[in-house]
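Got the viewer open? Here is a short tour, telling you what to select next and what you'll find there.

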Amino acid sequence: MSENSSDRLIYRIACSDSESSSQPLALSDASPKDKPWDKHRAFADRVQTHYAGSDFSDYARRLNFCSQLLEFGFGMDADDALKLKLKSARFCRVRHCPVCQWRRSLAWKAKAYQVLPKIVEQYPKHRWLFVTLTQRNMPVTELRDTLKAMNEAFQRLVQRKTWPAIGWLRSTEVTRGKDGNAHPHFHCLLMVPSSYFSHGYISKSEWIKTWRECMRLDYSPVLDVQAVKSGNQPSSLVPELLKYCTKESDMVADREWFLELTRQLHKMRCIATGGVLKEYLKELEQDPDELIGKDEDDQGVNEGSLYFNWRRQEKRYRMVKD
Ligand SMILES: [Zn+2]
């Protein structure tokens, strides 16, 4: 991490730039790990188009400036190789901005990866369950009422005598069915005492019966329960738990559906925590302050910056020449 190695990266970037004809260096070529920027910013352009001329034209304006210019500095990774490291960018923080949603998910995941091992250390004998709670698909216009009903049902579930968890984390995901209906579901991480498997164990059919009663449904809902193997870390569930609230491909599939989704999800919280997990993970209930991100292995080589701007036509970030 000497000044020399930074110089070498600058040299490499300068060389590849001059070799590749008149086009400035693409971010995805300079730094393969930053390739997702192109994908998410391209989706942001499509979401922006959906919002333009709608009730949400202010969102369109904000999405338009989101992450147009990225400033990178230099850092070293764990293998002592040079890498680009995001230093600054302007984010719009619109709820359904694909770039901001991605950055938010990264921040949440980083937090969970940092905290979950500490909880396991505190509660080494406890076990972890991953439960997915659903109900039938419905028109997107009924999503808000359905999510409120699901929230209330979840409260009833937690208050039941048979509720086995001493702590839980819950995230909400909404997908779009092929028929255009909305499919909301809860992904739940439950921390249960080790005695759960011998005393108070709940079979899948009992979970279904209980959720059906809490939801006050006249049919048996689809539900999934998995236990994390004894001795395994719950961190393996983080990618599934803290991914997007709505997939980018579902956001752009149909403009009217997406605008209605925006109305229906207005100010609805995506993540909830409870029990002993609340004190560790309640930060996840808020929009993260920091969307820049910080790598665990950052060693802070900070001299110099490279700038990349978004080329909307080409769907790539390219270096900005001085
Ligand atoms: Zn944004």
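Two strands count as paired if DSSP finds at least two bridges between them. Helices (H or I, at least four residues) and strands (E, at least two) are DSSP runs, numbered from the N terminus. With that in hand, select β3 and β6: they run antiparallel and are joined by 5 bridges. One spot to click is L129, whose bridge partner in β6 is A227.

Some housekeeping before moving on. This is a predicted model, where local features need pLDDT of at least 70 and side-chain atom pairs count only at pLDDT 80 or more, while totals for chains, interfaces and linings use all residues. Residues are numbered from 1 along each chain as its sequence is written.

**Zoom out.** The chain has 11 helices and 9 strands, and its C-alpha trace spans about 65 × 50 × 25 Å along the principal axes.

**The sheet.** Now show β6-β3-β5-β4-β7, which is the strand order of an open sheet of 5 strands with antiparallel pairing. At the edges sit β6 and β7 (271-275), each pairing on one side only. Add α6, which packs on the sheet and touches β4, β5 and β7. Then add α7, which also packs on the sheet, touching β3 and β6. The direction of α7 makes about 135 degrees with that of β6 (axes are lines fitted to C-alpha atoms, for helices over the stretch in contact, and angles run from 0 to 180 degrees between N-to-C directions).

**Stop at L223.** Is L223 buried or exposed? L223 is buried because 20 other C-beta atoms lie within 10 Å; the cut-offs are 20 or more for buried, 12 or fewer for exposed and partly exposed in between, with C-beta atoms placed from the backbone. L223 belongs to strand β6 (residues 223-227). Beyond its neighbours within four places in sequence, L223 is in contact (C-beta atoms, placed from the backbone, within 7 Å) with T132, L133, T134, W207, I208 and W211.

**Into the core.** Next, select W168, C188, L189, L190 and M191, the residues with the most contacts inside the largest nonpolar core, which has 32 residues. Such a core is a set of buried Ala, Val, Leu, Ile, Met, Phe, Trp, Tyr and Cys residues joined through C-beta atoms within 7 Å. The largest share of this core, 6 residues, comes from β5.

**Last stop.** A second, separate core has 24 residues; try A44, Y51, L63 and L143, which are among them.

Definitions and conventions:
Two residues are in contact if their C-beta atoms, placed from the backbone, lie within 7 Å.
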